[in-house]
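Here is a friendly walk through one protein model, written for someone who likes to keep the structure open while reading. Have your viewer ready.

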Amino acid sequence: MDIKANYIGGAWHGSGEAIENRSPSDTSDLVGLYAQASRADVDDAVEAAGQAGPRWAATPLEARLGALDAIGQELIARAEELGRLLSREEGKPLNEGIGEVRRSGQFFTYFAAEVLRQLGESADSVRPGIEIDVRREPVGVVAIVSPWNFPMATAAWKIAPALAFGNTVVWKPANLTPASAFALAEIISRQSLPAGAFNLVMGPGGRIGGHLAAHAGVRAISFTGSLEVGRSVAVRAAGHLARVQLEMGSKNPLLVMDDADLDLAVTLALNSAFGGSGQKCTAASRLIVHRKVHDAFVEKLLARLPEWRVGHALEPGIAMGPVVSAGQLAANLDYVARGTREGAECVAGGERLERPTEGFYMAPTVFIGTRNDMAINREEMFAPITCVIAAGSYEEALALANDSEFGLTAGIVTRSLARANHFRRHSKSGCVMVNLPTAGTDYHVPFGGMKASSYGPREQGRHAVEFYTQSKTSYVFAGGELDP
């Protein structure tokens with residue numbers, strides 16, 4: 001089997017080291033062999049990106065637009081093929097894999113159009129005879145570090161605006177999901193970008209990601225991952241004053257009020273908690289339920305849990321695939337044990353599942369009788385585990401929801417417009433959902449959280465320009481008599 005190489009300076013570069021990429025649905029399924037970059041490869045990629053910067057920034061706008069649109073259109077056209085590859089290596093159900101590839105294409109087509117919307121401003125000076133021009137210019141070399149749970153979509157929503165606004169890119173994808181990264185890099189490599197405008201370096205985060213974050217040639221770093229690693233990225237970037245955009249942990253609440261449609265609430269809870277095997281930064285791992293409807297809600301939730309069938313990612317009709325790795329499964333089961341030790345009651349799931357293929361399957365897990373000070377309600381688990389917390393009132397539920405170091409998404413299920421509006425204004429989260437799952441966002445509006453969930457400018461939509469460009473203010477005196 002050929003080793004899939006890194007892409008540096010417009011050419012594919014192999015290495016003496018490679019890793020196996022195996023399906024979490026079936027560990028006997030070898031997806032491929034992927035080269036591991038060295039620190040010297042990272043240095044070469046940053047240098048190539050720096051040299052390509054002026055040429056890419058000077059590329060005519062329609063040519064830049066055409067390249068990004070072509071990338072997006074190919075992703076959309078090949079969504080079924082690449083979605084199957086993505087699901088095979090990451091473990092999410094096939095329909096979710098196809099949807100992720102399609103959405104990745106939409107990020108590129110959206111930002112292709114944004115190329116022509118880079119409009120400046122003009123103003124008169126407070127001094128007579130002087131005019132002011134304000135425009136945005138590329139930041140320079142952008143390092144992108146993306147996660148394994150959305151191996152193509154998260155990368156796309158970073159790479160697309162970086163290139164659209166004239167920057168060059170060095171991308172370090174998650175080492176658990178190199179196949180999706182390589183497929184996207186192949187598509188980008190076929191476009192007429194200057195050599196070095198886009199680079200792919202695959203490898204472990206500690207060796208490759210850390211070196212990239214600390215590299216003096218990098219002017220901006222966009223990172224999605226854990227809080228611990230995000231803090232490390234910020235510290236390394238501060239050494240050379242690179243700007244950072246960090247999307248980190250979460251502990252998202254879904255509030256179910258006493259006036260909620262309970263059937264809708266259960267549907268939203270299942271989708272929010274167990275979609276993508278709970279491996280979403282927007283997953284609802286805290287279900288804060290009004291005591292008046294607590295027992296009825298739990299009864300309905302448990303009655304419908306068998307619908308959430310677990311199986312091979314490519315098997316038709318499944319609702320949830322495996323978790324991504326043996327290490328992730330072990331960590332998940334440890335949280336189950338910790339929750340039980342803390343006094344929570346596991347009323348569903350909590351165990352590894354056996355399936356016809358050897359994979360990392362876990363039953364969707366529900367805890368009741370939990371408190372907000374338990375580890376399972378404080379720490380991001382990234383697991384198909386959700387915890388029910390009883391609240392005596394809306395006010396208590398809101399206080400519980402906000403009692404977290406994180407603040408990415410939060411949802412409420414209610415028929416009350418007054419409660420919905422109050423929650424929308426007072427939830428300490430970057431994204432608020434009313435009668436919707438906590439997971440699921442649009443690509444043309446800003447995405448990000450509050451507190452420890454996010455740091456730096458927002459991602460997606462027109463707000464992306466704040467991170468991927470820097471403003472330049474020019475003062476112009478056309479001639480004549482200049483007042484002192």
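## Cavities

In this predicted model, the count comes to 3 cavities of 30 Å³ or more. The largest cavity has a volume of about 100 Å³. It is lined by 15 residues, and those closest to its centre are Gly278, Lys280, Ala283, Ser285 and Phe382.

If you wonder how such spaces come to light, rolling a probe the size of a water molecule over the atoms shows where empty space is left.

## The annotated domain

UniProt lists residues 15–473 as "domain: Aldehyde dehydrogenase", in an unreviewed entry. In the model, this span is 40% helix and 20% strand. The C-alpha atoms at its two ends lie 45 Å apart.

## An enclosed strand

Strand 19 (409–413) is a good place to zoom in. Of its 5 residues, 5 are buried, so the strand is largely enclosed by the rest of the structure. In a regular strand the side chains alternate between the two faces of the sheet. Here Thr409, Gly411 and Val413 lie on one side of strand 19, with Ala410 and Ile412 on the other, and both faces are covered.

What does strand 19 pair with? Strand 13 runs parallel to strand 19, joined by 3 bridges, and strand 20 (residues 431–434) also pairs with strand 19 in the parallel sense, over 4 bridges. Ile412 is a handy landmark for both pairings: Leu255 stands opposite Ile412, and in strand 20 the bridge partner of Ile412 is Val434.

## Helix 13 and its cover

Helix 13 spans residues 394–402, and its buried residues are Tyr394, Ala397, Leu398, Leu400, Ala401 and Asn402. Which elements cover them? Strand 19 is among them, as are strand 13 (252–256), strand 14 (284–290), strand 17 (385–391) and strand 21 (450–451). The cover also includes a helix, helix 14 (417–426).

## A three-stranded open sheet

Elsewhere to look, 3 strands form an open sheet in the order 6-7-23, with antiparallel pairing. Strand 6 (121–124) and strand 23 (469–477) stand at the edges with a single partner strand each, so one side of each has no neighbour in the sheet. From one strand to the next, the twist averages 25°.

To find the pairing of strand 7 (residues 130–138) with strand 23, follow its 9 antiparallel bridges. One pair to pick out is Ile130, whose bridge partner in strand 23 is Phe477.

How values were computed: Residues are numbered from 1 along each chain as its sequence is written. This is a predicted model: local features need pLDDT of at least 70, side-chain atom pairs count only at pLDDT 80 or more; totals for chains, interfaces and linings use all residues. Side-chain values use heavy atoms; hydrogens and water are left out. Buried means under 20% relative accessible area, exposed over 50%, partly exposed in between (1.4 Å probe, protein chains only). Contact means heavy atoms within 4.5 Å. UniProt positions are given in the numbering used here, feature names are shortened, and annotations may be inferred rather than shown by experiment. Two strands pair if DSSP finds at least two bridges between them. Axes are lines fitted to C-alpha atoms, for helices over the stretch in contact, and angles run from 0 to 180 degrees between N-to-C directions. On a 1 Å grid over the protein atoms alone, a cavity is a set of points where a 1.4 Å probe fits but cannot get out, and a pocket is an open set with protein on both sides within 12 Å along at least five of seven lines; lining residues have an atom within 4 Å of a point. Grid points are joined across faces, edges and corners, and a volume is the space filled by probe spheres set on the points.
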